[in-house]
Amino acid sequence: MAEGKKKRIPRQEMPTQDPQERRRNFHEVALGYTLELAVAEANRCLQCPKPFCVEGCPVQVRIPEFIKALREGDMWGAVEILKDKNSLPAICGRVCPQETQCEAKCVLGRRGEPVAIGRLERFVADWERAQGMRIPERPAPVGKKIAVIGSGPAGLTAAGDLAKKGYEVDVLEALHTPGGVLMYGIPEFRLPKDIVMAEIDYLRKLGVNIRTNVVVGKLYTLNELLELYDAIFLGTGAGLPIMMNIPGENYNGVYSANELLTRTNLMKGYLFPEWDTPVKVGNKVAVIGAGNVAMDAARSSLRLGAEEVHIVYRRSRAEVPARAEEVHHAEEEGIIFDFLTNPVEIYGNEDGWVTGMRCIRMRLGEPDASGRPRPIPIEGSEFDMEVDTVVMALGTRPNPLVFSDAQLERTRRGTVVADPKTGRTKLERVWAGGDIVTGAATVISAMGAGRIAATDIDRYLRGEGTEPWWPEDGAS
Amino acid sequence: MYRILEKEALTPVSKLFVIEAPEVARKAQAGQFVILRTHEKGERIPLTIADYDREAGTITIVAQEVGKTTKYLGTMQVGDSLASFTGPLGRPTEIEKYGTVVVVGGGLGIAPIYPICRSLRQAGNYVVGIIGARSGNLLFWEDKMRSVTDELIVCTDDGSYARKALVTEPLKELLDSGRKVDRVWAVGPAIMMKFVSLTTQPYGVKTIVSLNSIMVDGTGMCGSCRVSVGGRTRFACVDGPEFDGHEVDWDLLLKRQRIYVDLEKIALERYERELMRSKDTGGR
């Protein structure tokens, strides 16, 4: 190979829509590499014999191998290597926090910019979709039925893997559209919905039966499903919004990020009145929190017509949990960041609409249980912000609706207790993975958990390793 | 799926639909609701279950034509299918043997109290029903209601049919009469449920209301439906829809119901123009 060590190729920028233009439309912000850019970027990879990037990947994608195939022009080879570990590369390439995972470990990053692994992943996956995804031949039916509850990244992955092993798989989705957070949460401008629909189509072609409008816990309980299926995978995520419990939170104009995003993305509120569901943001919006959901809510508010959008975060810039690229894009679009600031009360008028918000300045103290510096209010530093819309993006918890009659052991945070190595819960024939186990985390970790559980479900249904995974004596 | 099997105009402004939904019918209980979409681009609207037939596999809903979605639903015909139909959602009515219960249905609220009365009666309660509407032509199901109550009081605001009274008047008389009333239910417009609750409060009779706040998913995900009950924020979709009427912050509910009035008006006017155009060209 001729990737000369002396000639330093810079990290290839990915073309994006102009910030001034994109802040008012819902089209995808990042446009993806061209073949030329992709090959140039792929050529930067050192092909380390001991690749640290793979260690940084939650599902151990064989990164140098797919990059090698890409630069040798073997695109189907690259697809195969990628998909061996990651069933949703077009999605992960767009939404993974690469800068804290694979790219954080890239050797090139020590003295310059790491290889843009996420962008290359996206390029390969988009190429595959453009060709038409190859549907593997269906194996002989095993004759066993599995219910996958929830059709987000964990459920989609588990369903695909199990179908490929010959199981009959029903995916049960509560909403009218499958895809979970990929459809209701992540906006079109960051993850176009036709990409998610392509993944769903692929599953259907694999023989997976996707049933929408099935609210488990209501239409069927877990115990009823256990009578109908040989195994159950629970991947219902963390869909319950957390509010602040401060005065004024029920004024009109205060949204949970979930509501704002669901109205906008799932219900296509941004196309109102062509689509029927309204969504309303005022002129001056404050989004509380600084995770990816907060960035999505802030940038959606801008696109829905807000004049000024603030991210209000109680810690400092260094602690912002959102993906670096989202923060960068948000700033380019004119989102204002108010760090070390926390709301204490929301004001409203007689008609019940938000008129303002009282905030307090914070300073950082010693690290707390999360390892991040604890934000401490500075006494007497209260000030008022004039806003007409407030969006709470403080995180989410698992929705307890699904548990109804099931004796499933859960933590105090409401997450399901499951063996991280297999996804097994303490209830026989029930597996769980993704945000319902970890609390709100990433698409890639949910996908990885779906894959781990699918492998173990197969093992279990073949009669291997059916013993409990927790110490018998201490069992609940 | 979700085919319309029967359609009936109950009043000039409300229609009944019997929907083919065997799985929902298998589980539905009095007090629960469904969320439906009429078409692909439609919004999700909650409607309280008016009846269910487990054997026929059907759910009955009654909708008042107030906005675009309900008007659109009104144009759908037997044989058409809804785009989606999700349920049963919310907690069912707490059915127990209380003794004597009074169940008040106002306007469209007559529909959901029918299965509530039926279940309460099956549980051994003496059920007094009070149904009312603004005027006689907006009343429906008087006979059906008679079949699930021990006594039925009918009234209209304008006196155009039966007794001229607001539903709170016969209720107050009943409470004043010294008869022991063990529990009251009220389903209807928020303002009517508020006044029923205010009527019973001095008598200390527990009063259950079914809150019709704005919803999207109906599973606790968005918080659009949040209400304040006893000073605590609750989600009507999963914690309700039934709550203790004496603890509900009615003014908050009434304000939150108005969040989208301006946009709802835009959607309705746009749809009505569309309907006019299609009438002009002879289409539906």
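Biologist: How do you know that the span of helix 3 (residues 110-122) of chain B agrees with what its 13 residues should give?

Modeller: The expected span of a helix is 1.5 Å times one less than its number of residues. For the 13 residues of helix 3 of chain B that gives 18 Å, and the end C-alpha atoms are 18 Å apart, so the two agree. Helices here are DSSP runs of H or I with at least four residues, strands are runs of E with at least two, and both are numbered from the N terminus. Please keep in mind that this is a predicted model, where local features need pLDDT of at least 70, side-chain atom pairs count only at pLDDT 80 or more, and totals for chains, interfaces and linings use all residues. Residues are numbered from 1 along each chain as its sequence is written, chains are lettered from A and ligands numbered from 1 in the order in which they are written, and side-chain values use heavy atoms, with hydrogens and water left out.

Biologist: What makes helix 3 of chain B largely enclosed by the rest of the structure?

Modeller: Buried means under 20% relative accessible area, exposed means over 50%, and partly exposed lies in between (1.4 Å probe, protein chains only). Eleven of the 13 residues of helix 3 of chain B are buried, so the helix is largely enclosed. Among them are I110(B), Y114(B), C117(B) and R118(B). After the helix comes G124(B), with a positive phi near 100°.

Biologist: Why does V209(B) count as buried?

Modeller: Its relative accessibility is 1%, and buried means under 20%, so V209(B) counts as buried. V209(B) belongs to strand 13 (residues 207-210) of chain B. Leaving out residues up to four places away in sequence, V209(B) touches several others (contact means heavy atoms within 4.5 Å), including M193(B), F243(B) and W250(B).

Biologist: Why is the pair of D296(A) and R190(A) called a salt bridge?

Modeller: A salt bridge is a side-chain nitrogen of Lys or Arg within 4 Å of a carboxyl oxygen of Asp or Glu. For D296(A) and R190(A) the N to O distance is 2.7 Å, so the pair fits the rule. D296(A) lies in helix 14 (residues 292-303) of chain A and R190(A) in the loop between helix 10 and helix 11 of chain A, so the pair ties together parts that are 106 residues apart in sequence. Both D296(A) and R190(A) are buried. They also belong to a network of salt bridges that includes R299(A) and E333(A).

Biologist: What makes R299(A) and E333(A) a salt bridge, and are these residues buried or exposed?

Modeller: Their side chains meet at 3.0 Å, N to O, and the limit is 4 Å. R299(A) is buried, with a relative accessible area of 1%, and E333(A) is buried with 1% as well.

Biologist: How do you know that E274(A) forms a salt bridge with R270(B)?

Modeller: The closest N and O atoms of E274(A) and R270(B) are 3.2 Å apart, against a limit of 4 Å. This pair crosses between chains, from a loop of chain A to helix 9 (residues 261-280) of chain B. E274(A) is at 39% relative accessibility, so it counts as partly exposed, and R270(B) is partly exposed at 26%. E274(A) also forms a salt bridge with K41(B), at 2.9 Å between the closest N and O atoms.

Biologist: How many salt bridges does the rule find across the interface of chain A and chain B?

Modeller: The rule finds seven there. The contact takes 44 residues from chain A and 47 residues from chain B.
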